[in-house]
Amino acid sequence: MEEGRGTALVLGGGFAGVEAAIQLRKAGLDTTLVSDRDFILINPITIWVPTGELPLAEATLPLAHLAQAHGFKVQKARVNRIEASAKRVHTDEGALPYENLVVALGGAKLRPRGVEHTRGICGGTEELAEITAAVQALVDRGQGHIALGFGGNPKDGSAMRGGPVFELLFNLNTMLRKRGLRDRFELTFFAPMEKPGQRMGEGALELMQAMFERHRIHKRVGVPIAGFDERGVTFADGSRLDADLVLFTPGLQGHPALQGSDLPLSDAGFVRVDEHCQVEGSQDVWAVGDTAALDGPQWRAKQGHVAEVMGRVAAHNVAARVAGRAERESYVEHVGILCVMDTGDGAAWVQRDEGGERLIPMPVFGHWIKKAWGSYWKLSRQGKVPRLPGM
Ligand SMILES: Cc1cc2nc3c(=O)[nH]c(=O)nc-3n(C[C@H](O)[C@H](O)[C@H](O)COP(=O)(O)OP(=O)(O)OC[C@H]3O[C@@H](n4cnc5c(N)ncnc54)[C@H](O)[C@@H]3O)c2cc1C
């Protein structure tokens, strides 16, 4: 590793920020990562927390372990505002100056009317703990009605998180079946779009429809959501869906700290970047992962693997700039949909890129492959096992 070649400040300790910090260190930059929590939440494996299949703690990894493995510094602080014109970041621990800044703060949830009556699989550790307790209470009661849904953001089609909602739905179904309780529970999926999940491709839509029919999961789609109350969901056509527990994942918007900052934002509040992850009009600020307004095909989606690619691309380009090299890498060709969609007792490999759509059913073993990925991610990012290319 070459030392003494500039400094970088990374904001956010998710997939994008961690990957940027790892790669910036590899490139020899003195790197500090600032995050409001001292761990990374490994989102793709949190789908097993509400069913009791995975303890919440196992879906996290302390940032200190990653910092030690790669030699970057971690500072726990909440970012309130970025003042790019003065090259500093305002946090609740004071102002931090920077030479090169990588913004990786993730997104924020939209807040439809009455959303406080719901909990979401993408709501972080507190909501995960609340969902787990609420599901357990219904299981203890021995019956209930659980409604699961997601919404989008009309200002940005990529700012939607449907995959994990389907995964949680199918995992709840499997858990209830295994406990012999499925007949005493109603499961209803709801979403405002006509064809929720369409971004994943036609194969994924067919797979999900087959799952809905086989497992008697009700569906309410194609009608805008008017709001939520303590009894359930209300729809724009005046109908309602009553449930004991509503698990709803709203569409995403830009992070609130960006609102008072002086970076260029998209209509949905995400940071506008070029194909090199460099913030438009800026020489020394990059934005990566969910925080950035994504370029790419119409069906593009904010995903963890794209966040990691952007973190790596930004780190490469920061290092190139610091070294005075003109070449730059682009993230755009890597934008695609890639996930192992878990169904509780199996999974499906879902891939969509410029080469087309692929759906490969992975009965039984797919569930274990996704679980193994979680362990691989933790071990490989700490340098305990080698990283496989592209993973
Ligand atoms: C339940 C779930 C399942 C998913 N499954 C998959 C999957 O199977 N495959 C896939 O590719 N993608 C999946 N995703 C999407 C993927 O997790 C996200 O796209 C990815 O986490 C984005 O990474 P990020 O680093 O940009 O943002 P985030 O992961 O949101 O990280 C943002 C970081 O910034 C920190 N932060 C936030 N605000 C502040 C602040 N004010 N000050 C300081 N720090 C702050 C946060 O603590 C966090 O460390 C899933 C997401 C969820 C929620």
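How do the residues of the shell around the ligand divide into nonpolar, polar and charged? The split is 11 nonpolar, 12 polar and 7 charged. Here Ala, Val, Leu, Ile, Met, Phe, Trp, Tyr, Cys and Pro count as nonpolar, Asp, Glu, Lys and Arg as charged, and the others, Gly among them, as polar.

This is a predicted model: local features need pLDDT of at least 70, side-chain atom pairs count only at pLDDT 80 or more, and totals for chains, interfaces and linings use all residues. Residues are numbered from 1 along each chain as its sequence is written, and side-chain values use heavy atoms, without hydrogens or water.

**Ligand site**

The ligand is surrounded by 30 residues, each with a heavy atom within 4 Å of it. D36, V79, H255, D290 and G304 are the closest. Helix 6 (304–323) and helix 1 (15–26) each supply at least two shell residues; helices are DSSP runs (H or I, at least four residues). Helix 6 gives the largest share, 3 residues. Domain 1 (7–107 + 254–335) and domain 2 (116–251) each contribute at least three, with bounds from an automatic or database domain assignment.

Oxygen atoms of the ligand pair with these N or O atoms (polar contact: within 3.5 Å).

| Residue | Protein atom | Distance |
|---|---|---|
| G304 | backbone N or O | 2.9 Å |
| K370 | side-chain N or O | 3.2 Å |
| Q303 | side-chain N or O | 3.4 Å |

The protein covers 91% of the 1000 Å² of accessible area that the ligand has on its own (Shrake-Rupley, 1.4 Å probe).

**Nonpolar core**

The largest nonpolar core has 102 residues. Its members are buried Ala, Val, Leu, Ile, Met, Phe, Trp, Tyr and Cys residues joined through side-chain atoms within 4.5 Å; buried means under 20% relative accessible area. L11 and V103 touch the most other members. Helix 6 supplies the largest share, 9 residues. Both domain 1 and domain 2 give residues to this core, so the core lies between them.

Definitions and conventions:
Polar contact = N/O pair within 3.5 Å; in protein donor to acceptor, adjacent residues only side chain to side chain. Buried < 20%, exposed > 50% of the residue type's maximum accessible area, 1.4 Å probe, protein only.
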